[in-house]
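Trainee: Could you take me on a close look at one part of this protein? I would like to follow the sheet, strand by strand, and then see what lies around it.

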Amino acid sequence: MVVRTYQEELSYLEKMTPNCWRIKKGFVPNMNVEGIFYVNDSLERLMFDELKQSCRSQGYGGFLPGMKQIGNVAALPGIVGKSIGLPDVHSGYGFAIGNMAAFDMSDPKSVVSPGGVGFDINCGVRLLRTNLTQKDVQPLKEQLAQCLFDHIPVGVGSKGIIPMNAKDLEEALEMGMDWSLREGYIWAEDKEHCEEYGRMLQADPSKVSGRAKKRGLPQLGTLGAGNHYAEIQVVDEIYNDFAAKKMGIDFKGQVCVMIHCGSRGLGHQVATDSLVVMEKVMKRDNIDTNDRQLACARINSQEGQDYLKGMASAANYAWVNRSSMTFLARQAFAKMFNTTPDDLDMHVIYDVSHNIAKVEEHFLDGKQKTLLIHRKGSTRAFPPHHPLIPVDYQLTGQPVLIGGTMGTCSYVLTGTEQGMMETFGTTCHGAGRALSRAKSRRNLDFQDVLNALEQQGISIRVASPKLVMEEAPESYKNVTDVVDTCHAAGISRKTFRLKPIAVIKG
């Protein structure tokens, strides 16, 4: 392996616009396309510090720096356009988290890589609005936080309270939110406001291993741990009145509920199982990658198709999981305010996926192409008038939900035409880590973090104290920097901002 100095590395990087850098071919071996990444000044410093650090130590805590990972993805067979890093990009397994890539379905060499989806398949965010104001909630805030904590099972290994047997699980994996609708856990209109209408049709539960199903069976309707949360939030800034009103956001101080979680142990196992299979496939089919974490298979191979069917099943599980927690959150609010979820206007604004691979139609060099889009730690952000977004949002563009970190703001954006052209209709997904979990535990004090939240007027209910340090705002990039970069680059537009008043975590 050629070891280059930091100065030599810089010769392959070029600033294109105030918010966009280009990674030229040659930055890593065998690049088929160039890379790009979006940053502002402070995010740029973080990215370049990471690269500088890796030049010093020739290795970076088990993961390559984000820029190198973007480059390695650009070397995968069948990639088209560019390997794209969004402003929240940071080191991950195989693909950087916040890295998206498109593969041409008509190219027999094109691959699908589980590292381009991630272990928490269809980790995503759902936002519910209410007709409550901050004044309505403030006197009951502590009781409401406790009620939500009591209703939604949280923490590592938490068990769901939605009745499930093996047959139910098979049906949920195949049907997604159609299962939730049939069982009475959601409203019919919830599906309309969900990416893929809450169901990937190519799901095949027979491609999900017995072990994955065993892990998933007790966990349906649970929040889990890590960066997952349920938050009671208040609208504190509206940037685009028209788009906000289309989403049912009428005034500052309006109360919303955000749920952030994924496919739990089931999705993790689907990813783990497929990586084992794909390592063997790569030897058989002579597929070379720069990083063995980028294990992959040809899209059209049996193994590639099996992974996509298993991944779609795990994605359906995640939608059922968020739907089950929506049901529990509605119950908690109805109980506290002694009314019905309907009277509280607890409608789903939207539900987005952050870790998923999907077949989509895009224009590339003036030609329509069918592409497999890997979005890992990134959000689909389709523009106005796109046929795959709900009727309600045809004039505004698809809502994009950007979750903050514990105690920081969250944002709702909308997709743009420019984003469609530059990033295949993709934008950021959240803040993105700046410190590793281990570093966060070493550097931060449990009580300090709790005190800081209390000073901001945020109630917290948490199942595991060490998580508080791992998920503290200091562990993450500034979500406002990330969102402002996407807005300035024109790949999505700010609609409104939410601040948390109560946080429920594993």
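Mentor: Happy to; we will walk through the sheet, then its helices, the core and an annotated site. Please keep in mind that this is a predicted model.

Start with the overall layout. Seven strands make up an open sheet, and their order is β1-β2-β3-β4-β5-β13-β12, with mixed pairing. At the edges you find β1 and β12 (355–364); each has a single partner strand, so one side of each is left without a neighbour in the sheet. From one strand to the next, the twist averages 25°.

Now begin at the β1 edge. Strand β1 (residues 13–17) runs antiparallel to strand β2 (residues 20–23), and four bridges pair them. The link from β1 to β2 is a hairpin of two residues. You can find one of the bridges by looking for T17, whose partner in β2 is C20. Stay on C20 for a moment, since C20 also stands opposite Y38 in β3. That takes us one strand along: β2 and strand β3 (residues 35–38) are antiparallel and are joined by four bridges.

Further into the order, strand β4 (residues 79–90) pairs with strand β5 (residues 97–104), again in the antiparallel sense, over five bridges. Here, look for H90, which has I97 of β5 opposite.

Next come the helices. Helix α17 packs on the sheet, where α17 touches β3 and β4, and its direction makes about 140° with that of β4. Within α17 (residues 479–489), the buried residues are V479, D481, V482, V483, T485, C486 and A489. Both ends of this helix are worth a look. At the N-terminal end, N478 acts as a cap, with a side-chain oxygen 2.7 Å from the backbone nitrogen of T480. Just after the helix, G490 has a positive phi of about 80°.

Another helix, α12, lies across β12 and β13 (367–376), and α12 runs at about 110° to β12.

Let us turn to the core. The largest nonpolar core holds 97 residues, and F37, M67, W179 and M311 have the most contacts inside it. Helix α12 (residues 302–337) gives the most to this core, namely nine residues. To see how one of these core residues sits, pick M67: leaving out residues up to four places away in sequence, M67 touches L13, I23, F27, F37, M47, F48 and L51.

Finally, visit the annotated site. An unreviewed UniProt entry carries a "binding site" annotation that covers C123, H260 and H354. These residues span 232 residues in sequence, yet no two of their C-alpha atoms are more than 10.1 Å apart, so they gather at one spot. C123 sits in the loop between β6 (111–112) and β7 (124–133), while H260 belongs to strand β9 (residues 254–261).

Are C123 and H260 buried or exposed? C123 has 8% relative accessibility, so C123 counts as buried. H260 is buried too, because its relative accessibility is 8%.

The contacts show how the site fits together. Apart from residues up to four places away in sequence, C123 touches several residues, including H228, H260, R322 and H354. With its neighbours within four places set aside, H260 has contacts that include C123, N227, H228 and H354. A polar atom of the H260 side chain also lies 3.1 Å from the backbone oxygen of N227.

Note on methods: Residues are numbered from 1 along each chain as its sequence is written. This is a predicted model: local features need pLDDT of at least 70, side-chain atom pairs count only at pLDDT 80 or more; totals for chains, interfaces and linings use all residues. Side-chain values use heavy atoms; hydrogens and water are left out. UniProt positions are given in the numbering used here, feature names are shortened, and annotations may be inferred rather than shown by experiment. Buried means under 20% relative accessible area, exposed over 50%, partly exposed in between (1.4 Å probe, protein chains only). Contact means heavy atoms within 4.5 Å. A polar contact is a pair of N or O atoms within 3.5 Å; within protein, one must be able to donate a hydrogen and the other to accept it, and residues adjacent in sequence count only if both atoms are side-chain atoms. Two strands pair if DSSP finds at least two bridges between them. A nonpolar core is a set of buried Ala, Val, Leu, Ile, Met, Phe, Trp, Tyr and Cys residues joined through side-chain atoms within 4.5 Å. Axes are lines fitted to C-alpha atoms, for helices over the stretch in contact, and angles run from 0 to 180 degrees between N-to-C directions.
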